[in-house]
Amino acid sequence: MRIAVAGATGNIGTLTVAALEREGHEVVRISRSLGVDLSTGEGLDAALSGVEAVVDATNGPVTDRDRTTAYLSTTTRNLLAAEERAGVRHHVLLSIAGVHRVEGNAHYAGKREQERLVAAGPVPWTIVPATQFHDFAAMVTSWTERDGVAMVAPLLVQPVAPADVADVLAEIAVGEPRGRYTDVAGPGTQDLVDMARRTNEARGRAVRLVPTWSTVLGPEMAGDVLLPGEGARIAPTTFDEWLGVVSGRGGVAEGGGVPLR
């Protein structure tokens, strides 16, 4: 099949391209750096010529609700309109598990609007909600670290390997549209503060962690809000396997992350 991947130069996009190409599919990479601008629609019609399915693995700005929603709305509308003109038969959107249970977060608000547009749009669709990625704790630490001290929200998460999510996206893209797909998650729950501590140790970094809700990750994310729903698809790669790669002990190589994932 000829399949396009939006956000193809990002972490999850790169992995999805690789997964599709391993199966022998022709992949069209959609990215501003490659001359296709989702914000303006420039280059989209040419890129989608002959494309049967599109995987949207893009992200937008994460700190301002209005900016995030406006950006994801514009890019999604442009992409769906170009897909309709090109006769694309399947739109696959990567989203976030629990996105409808968190009201106060800017990125989640943008993803909800993106989901709404896809579900109401002209192209048959599948939405794939995934939990946070394995390096999420390290990313959160990088947001707040100052002088060797970082604030980390005490979230309960069930992290998943980006490579495992990419494999699911590639699998679904070549099939029939399925509406809202089951949550995709890793095999075990983790405390975000402990994840951050273990990741820093594996990377040989000394950072004092301060558990607090005084960050962009607020108490509306406490408890089981970010955990996958019943009947989730459990991916194979564990957080310990990822730590093995980070520390050089071996394991399954993967990495990257998505804002607030």
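Visitor: Which residue forms a salt bridge with Glu 26, and how far apart are the closest N and O atoms?
Guide: Keep in mind that this is a predicted model. Glu 26 sits in strand β2 (residues 26–30), and its partner is in strand β1 (residues 2–6), 24 residues apart, so the pair links distant parts of the chain. A salt bridge here needs N and O within 4 Å, and this pair is at 2.4 Å with Arg 2.

Visitor: Are Glu 26 and Arg 2 buried, exposed or partly exposed?
Guide: Buried means under 20% relative accessible area and exposed means over 50%. Glu 26 comes in at 44%, while Arg 2 is at 22%. Both values fall between the cut-offs, so the two residues count as partly exposed.

Visitor: Which side chain meets Glu 21 in a salt bridge?
Guide: Glu 21 is partly exposed, at 38% relative accessible area. Its partner is partly exposed too, at 37%. The N to O distance is 3.0 Å, and the residue on the other end is Arg 29.

Visitor: How many residues apart in sequence are the parts that Arg 180 and Glu 115 tie together?
Guide: These two form a salt bridge, with the closest N and O atoms 2.7 Å apart. Arg 180 lies in strand β8 (residues 179–180) and Glu 115 in helix α4 (residues 106–120), so the pair ties together parts whose separation in sequence is 65 residues.

Visitor: Which of that pair, Arg 180 or Glu 115, is buried?
Guide: The cut-off for buried is under 20% relative accessible area. Arg 180 has 39%, so that one is partly exposed. At 4%, the buried one is Glu 115.

Visitor: Which residues do salt bridges that share partners join into one network?
Guide: The count for the model comes to 14 salt bridges. Some of them share partners, and that joins a set of residues into one network. The members are Asp 194, Arg 197, Arg 198, Glu 201 and Asp 240.

Visitor: How many residues of strand β4 are buried?
Guide: In a regular strand the side chains alternate between the two faces of the sheet. On one side of β4 you have His 90, Val 92, Leu 94 and Ile 96, and on the other His 91, Leu 93 and Ser 95, all buried. The strand is therefore largely enclosed by the rest of the structure, with a buried count of 7 of the 7.

Visitor: In what sense does β4 pair with β3 and β5?
Guide: With strand β3 (residues 53–56) there are 4 bridges, and Val 92 is the bridge partner of Val 55. With strand β5 (residues 125–130) there are 6 bridges, and Trp 125 is the partner of His 91. For both pairings the sense is parallel.

Visitor: What is the handedness of the β-α-β unit that β4 and β5 make with a helix?
Guide: The helix in this unit is α4, the one that holds Glu 115. Together β4, α4 and β5 make a unit that is right-handed.

Visitor: Which elements do the buried residues of helix α3 pack against?
Guide: Helix α3 (residues 65–86) has 22 residues and reaches 31 Å from its first C-alpha to its last, close to the 32 Å expected. Its buried residues include Leu 72, Thr 76, Leu 79 and Glu 83. An α-helix has 3.6 residues a turn, so residues three or four places apart point the same way. The buried residues of α3 pack against β1, α2 (44–47), β3, β4 and α4.

Visitor: Which residue follows α3, and what is its phi?
Guide: The residue after the helix is Gly 87. Its phi is positive, near 75°.

Terms used: Residues numbered from 1 in each chain as written. Predicted model: local features only at pLDDT ≥ 70, side-chain atom pairs only at ≥ 80, totals over all residues. Heavy atoms only, no water. Helix = DSSP H or I, 4+ residues; strand = E, 2+ residues; numbered from the N terminus. Buried < 20%, exposed > 50% of the residue type's maximum accessible area, 1.4 Å probe, protein only. Pairing = 2+ DSSP bridges. Right-handed = clockwise from strand over helix to strand, strands pointing away. Expected span 1.5 Å × (residues − 1). Contact = heavy atoms within 4.5 Å.
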